[in-house]
Amino acid sequence: MLVENRRHQRSTSRPAVVRLDEQEVISMCFLRGKSKPSLAVLYSDTQQQVFLKTYTVNTREMTLERGPWRDVVPVEGGAKKLIPIPGPFGGVLVIGQQSVAYIDSKRRIDQRMDCGRIECWGHVDRERYLLGENEF
């Protein structure tokens, strides 16, 4: 993680090591539109169940704090990718093998579909995303 130092006229960044409690991280992304840097983490536990959890980055203390979403959210076991959604919606898309889920702090919308192996994505417009699949 790079932390910006705004005390100097020139903007500088310094690296910092921040450890996660989760050992099996699958994907992560920064949430858009938050007042503080916020990280969404997709991970699996020791029973191979997959969850989504969020952290707020405390740039002064160089630590991760719980939030901005309070709950740890269980997701499809085949979930492999997170896509951050900009405002006004915010939240993330969780791309699995059999579904796509939109999740934010207040709601969750699941859409079953055969996603195969989504390898890439592109932001088309405010409400649409292009997902690229690899059949091999």
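This briefing covers the cysteines, one pocket and the salt bridges of the structure above. The model is predicted. It has 0 disulfides and 4 salt bridges. Its second largest pocket encloses about 260 Å³ of space.

**Cysteines**

- A disulfide is a covalent bond between the sulfur atoms of two cysteines.
- The count of such bonds in this model is 0.
- Cys-29 has a relative accessible area of 10%, and it is classed as buried because this value is under 20%.
- Cys-120 has a relative accessibility of 44%, so it falls between the 20% and 50% cut-offs and is partly exposed.

**The second largest pocket**

- The volume of this pocket is about 260 Å³.
- Its lining includes Ile-85, Phe-89 and Leu-93, along with Val-100, Tyr-102, Arg-107 and Ile-109.
- Arg-126, Glu-127, Tyr-129 and Leu-131 also belong to the lining.
- Two strands, β10 (99-103) and β13 (129-134), each contribute at least two lining residues.
- Val-100 and Tyr-102 are lining residues that lie within the range of β10 (99-103).
- Tyr-129 and Leu-131 are lining residues that lie within the range of β13 (129-134).
- Sorted by class, the lining has 8 nonpolar residues, 3 charged residues and no polar ones.
- The charged residues of the lining are Arg-107, Arg-126 and Glu-127.

**Salt bridges**

- There are 4 salt bridges in the structure, and three of them are described here, among them the pair Asp-104 and Arg-107.
- In the pair Asp-104 and Arg-107, the closest N and O atoms are 3.1 Å apart.
- Asp-104 is buried because its relative accessibility of 11% is under 20%.
- Its partner Arg-107 is partly exposed, at 40%, and Arg-107 also lines the second largest pocket.
- Arg-108 pairs with Asp-110, with 2.9 Å between the closest N and O atoms.
- Both partners of this pair are partly exposed: Arg-108 has a relative accessible area of 36%, and Asp-110 has one of 42%.
- Asp-125 and Arg-128 form a salt bridge through their side chains, with an N to O distance of 2.8 Å.
- Asp-125 has a relative accessibility of 28%, so it counts as partly exposed, the class between 20% and 50%.

How values were computed
Residues are numbered from 1 along each chain as its sequence is written. This is a predicted model: local features need pLDDT of at least 70, side-chain atom pairs count only at pLDDT 80 or more; totals for chains, interfaces and linings use all residues. Side-chain values use heavy atoms; hydrogens and water are left out. A disulfide is a pair of cysteine sulfur atoms within 2.5 Å. Buried means under 20% relative accessible area, exposed over 50%, partly exposed in between (1.4 Å probe, protein chains only). On a 1 Å grid over the protein atoms alone, a cavity is a set of points where a 1.4 Å probe fits but cannot get out, and a pocket is an open set with protein on both sides within 12 Å along at least five of seven lines; lining residues have an atom within 4 Å of a point. Grid points are joined across faces, edges and corners, and a volume is the space filled by probe spheres set on the points. Helices (H or I, at least four residues) and strands (E, at least two) are DSSP runs, numbered from the N terminus.
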